[in-house]
Amino acid sequence: ELISKYGGSSLAHYVFVGDKYVHISKKEDVFFQYQIISDKIIVLGGPIGNREAFSEAIKEFYDLADLYGYTLVFSGVDMNIFPELHDMGYDFLKLGQDALVKLDEFSLAGNKNKSKRQAVSRIDKAGYTFSIETPPFTDELFKELKEVSDEWLNGKKEKGFAVGYFNKEYMEMDKIAIVRNSEGEIKAFANITYPLIEKIKQNKIQIEELTKQRDELLPLLMN
């Protein structure tokens with residue numbers, strides 16, 4: 001409900017995987033998804049919900065964690081939450097970054113994408129096909145998907161937290177993109193969280209517009 005109303009970070013949909021705890025603010029307009037490791041509470045993606053209540057919600061969760069002897073750590077946060085975390089005394093460490101591809105503007109044209117076009121051509125000639133399946137999914141389809149997932153894991157344990165894993169309830173929330181070989185066998189798949197991503201994209205566009213306005217107005221205000 002909070003994601004639908006306010007949007008969220010690019011990691012917001014991982015709350016539906018079911019491998020994390022959720023802390024909801026007293027006003028019930030902000031929530032955090034997190035895991036506990038030793039004496040650390042690791043929050044994934046920062047607060048989600050009412051942007052105007054982030055500062056209060058962060059302090060509230062910080063104080064609660066401190067009360068029970070835990071240190072509140074944030075992972076994978078967006079830059080728009082930096083001011084609130086900085087005011088709380090947090091330091092920042094860059095461990096990586098996300099890439100946002102605008103599919104409606106994406107193209108394989110040009111010399112720099114020559115190798116990609118060749119790869120696509122080889123896949124087409126080999127008889128591979130791409131399709132998007134819509135829920136509800138059959139047990140037979142899930143069985144095939146599970147076999148692909150198990151083969152990819154190769155005996156290793158699912159990672160979870162900031163990486164999706166094979167969870168039937170989570171995967172049935174939206175469509176699944178599937179790649180089949182020439183014999184119709186599933187060779188790869190990816191689940192799609194379109195409604196959440198669309199809301200997140202709209203939220204990011206609004207943030208970009210506000211950031212641009214700030215950068216334009218701030219020099220004028222300082223003169």
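Helices and strands are DSSP runs, of at least four residues for a helix (H or I) and at least two for a strand (E), and are numbered from the N terminus. In the predicted model described here, the protein chain contains seven helices and seven strands. Read from the N terminus, these elements follow the order α-β-β-β-α-β-α-α-β-α-α-β-β-α. The chain has 223 residues, of which 30% are buried. Its exposed surface amounts to about 15,600 Å², and carbon and sulfur atoms account for 54% of that area. Where contacts link residues at least 6 apart in sequence, 61% of them join residues at least 24 apart.

The strands of one sheet are considered first. This open sheet is built from four strands in the order 1-2-3-4, and its pairing is mixed. Strand 1 and strand 4 form the edges, each pairing on one side only. On average, and with direction ignored, neighbouring strands of the sheet are turned by 40° against each other. Strand 1 pairs with strand 2 in the antiparallel sense through four bridges; within this pairing, His 23 has Phe 32 of strand 2 as its bridge partner. Helix 2 packs on the sheet and touches strand 1, strand 2, strand 3 and strand 4, with its direction at about 160° to that of strand 3. Strand 3 and strand 4, by contrast, run parallel and are joined by five bridges. In strand 4, Leu 72 is the residue that stands opposite Ile 41.

Strand 4 shows an alternation of side chains between two faces. Leu 72 and Phe 74 point to one face and are buried, whereas Thr 71, Val 73 and Ser 75 point to the other and are not buried. Such a pattern accords with a general rule: in a regular strand, side chains alternate between the two faces of the sheet.

Both buried residues of strand 4 reappear in the largest nonpolar core, which has 16 residues. Phe 32, Ile 41, Val 43, Phe 61, Leu 72 and Phe 74 are the members that touch the most others in this core. Two or more residues each are contributed by strand 2 (30-37), strand 3 (40-49), helix 2 (54-67) and strand 4 (71-75). Helix 2 provides the largest share, five residues. A grouping of this kind reflects a wider tendency, as nonpolar side chains in soluble globular proteins tend to be buried together. For Phe 74, the contacts beyond four places in sequence are with Phe 32, Val 43, Gly 46, Pro 47, Ile 58, Leu 85 and Tyr 90. A second core, separate from this one, comprises 15 residues, among them Val 17, Leu 44, Phe 142 and Ile 176.

The other sheet is also open and consists of three strands in the order 5-6-7, with antiparallel pairing. Strand 5 (129-133) and strand 7 (186-191) are its edge strands, each pairing on one side only. From one strand to the next, the twist averages 20°. Strand 5 and strand 6 (residues 176-180) run antiparallel and are joined by five bridges, and the bridge partner of Ser 131 in strand 6 is Ile 178. Helix 5 (residues 139-153) packs on this sheet, where it touches strand 5, strand 6 and strand 7; the direction of helix 5 makes about 100° with that of strand 7.

Two loop residues were examined individually. Asp 19 is placed in the loop between helix 1 (2-6) and strand 1 (21-24). Because its relative accessibility of 19% falls under the 20% limit, Asp 19 counts as buried. The side chain of Asp 19 makes a polar contact of 2.5 Å with the side chain of Lys 20. Apart from residues up to four places away in sequence, Asp 19 touches Tyr 14, Gln 35, Gly 160, Phe 161 and Tyr 165.

Gly 76 lies in the loop between strand 4 and helix 3 (82-87). With a relative accessible area of 42%, Gly 76 is partly exposed, because this value lies between the limits of 20% for buried and 50% for exposed. Neighbours within four places in sequence aside, Gly 76 is in contact with Leu 11 and Gly 45. Gly 76 and Lys 94 are separated by 18 residues in sequence and, from C-alpha to C-alpha, by 9.2 Å in space.

Conventions:
Residues numbered from 1 in each chain as written. Predicted model: local features only at pLDDT ≥ 70, side-chain atom pairs only at ≥ 80, totals over all residues. Heavy atoms only, no water. Core = buried A, V, L, I, M, F, W, Y, C linked by side-chain atoms within 4.5 Å. Buried < 20%, exposed > 50% of the residue type's maximum accessible area, 1.4 Å probe, protein only. Contact = heavy atoms within 4.5 Å. Polar contact = N/O pair within 3.5 Å; in protein donor to acceptor, adjacent residues only side chain to side chain. Pairing = 2+ DSSP bridges. Axes fitted to C-alpha atoms, helices over the stretch in contact; angles between N-to-C directions. Areas by Shrake-Rupley, 256 points an atom, 1.4 Å probe, with all protein chains shown as cover.
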